[in-house]
Amino acid sequence: MSAATGGQDRDGEDTSGISRREVLFTVGGVAAAVVAGAAAWGALEIFANKGHAVGSAVNLTYPQAVTVLGTLACVLGVVLCIRTARTRFDDVGAAQKDVNIGVTRVPALVFARLVALLAFIVLPATAVFFANYHPFQGVHEVQGCASCHVMLPMVNDMQDPGSETLAARHYRNRWIADDQCFHCHSDYGLGGNLEAKLTGFRHLARYTTRTYHEPIKARIKFDNNNCLHCHDKTPKFVAVESHVTDHTQLATNQVMCVECHGDAHPTAEQRTPGSSDYARLMEKMK
């Protein structure tokens, strides 16, 4: 009798465990959430134009759009968490009812587990994504760098018409049209872009937690190739004999551009609290 019952259990669907359908729906739900997150990021990148307007007919800046979407994710997550906390999964599984989710009907137990997945994993991850979108996007903007007061000396000096640092000369002559900080401090390619964003996020974390000391110092060595990507092989560049003869040393960072062309930013001494230049460099960016 027991053997026959065991065989019947093997032939039928095991209601006490996780069926193949439930696994497929769970994996599909996670995959759909990942795809939706990637699509949301791409859409924000596409519709957030230089004027920071989302779309052409919607008078909404992308930080506002991110705030709204993040808030919705938080509210929906709280609602679903409360619903999941009040769900008795044993009773749901025993009911053997199907739930219509629009495109198909799924067992009530599968639906309850998908709701739990959304409540405890997908929506919190979505909220974290939207909460961190602007810090990652903000590193493109000069204003984003200036939001931390320890970066004001670099930004103020760059915008000073009388400064002769490399950053100021590039800014004054419009050699870089926009996003000047990011263009110089991000290596080319996807890896360089991500590294620059992560570095900016680390700077924000250090600034927020006050785990920094003035004058701040860069942890990474500047790559000459960021300069060479724009200047290499231009007539003005090749007209300088040392550029041609020392090209290999420049490309491999054995000789740094700043050794001949001056400091990129104010010196550490100028940025040290108490120096004669500190108050001027720390003025709030206009």
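I count a salt bridge where a side-chain nitrogen of Lys or Arg lies within 4 Å of a carboxyl oxygen of Asp or Glu. I note at the outset that this is a predicted model.

**Entry 1: salt bridges**

With that rule I got three salt bridges. I looked first at Asp 277, which forms one with Arg 280, the closest N and O atoms being 3.4 Å apart. I then checked Arg 280 for another partner and found Asp 160, with 3.8 Å from N to O. Arg 280 belongs to helix H16 (residues 278-281), whereas Asp 160 is in the loop between helix H7 (152-158) and helix H8 (166-172), so this pair ties together parts that are 120 residues apart in sequence. I wrote down Asp 160, Asp 277 and Arg 280 as a network of salt bridges.

How exposed is Arg 280? I read a relative accessible area of 37% for Arg 280, so I entered this residue as partly exposed. Asp 160 has 25% relative accessibility and is also entered as partly exposed.

The bridge left to describe joins Arg 172 and Glu 164, with the closest N and O atoms 3.5 Å apart. Arg 172 is partly exposed at 31% relative accessibility. I have Glu 164 down as exposed, at a relative accessible area of 55%.

**Entry 2: aromatic pairs**

I searched for ring pairs next and found two aromatic pairs in the structure. I followed up Tyr 207 and Tyr 212, whose ring centres are 5.9 Å apart. Why is this pair called stacked? Planes under 30 degrees apart count as stacked; the planes of Tyr 207 and Tyr 212 are at 20°, so the pair meets that cut-off. Are these two residues buried or exposed? I found Tyr 207 buried, and Tyr 212 buried as well.

**Entry 3: charges over rings**

I went back to Tyr 207 to see what lies over its ring. The charged end of Arg 210 sits there, 4.8 Å from the ring centre. Tyr 207 thus appears twice in my notes, as the stacking partner of Tyr 212 and as the ring under Arg 210.

Which residue lies over the face of Tyr 171? I found Arg 174 there, at 5.5 Å from the ring centre.

Conventions. Residues numbered from 1 in each chain as written. Predicted model: local features only at pLDDT ≥ 70, side-chain atom pairs only at ≥ 80, totals over all residues. Heavy atoms only, no water. Phe/Tyr/Trp six-rings, centres within 6.5 Å; stacked < 30°, edge-to-face > 60°. Buried < 20%, exposed > 50% of the residue type's maximum accessible area, 1.4 Å probe, protein only. Lys NZ or Arg CZ within 6 Å of the ring centre and 35° of its normal. Helix = DSSP H or I, 4+ residues; strand = E, 2+ residues; numbered from the N terminus.
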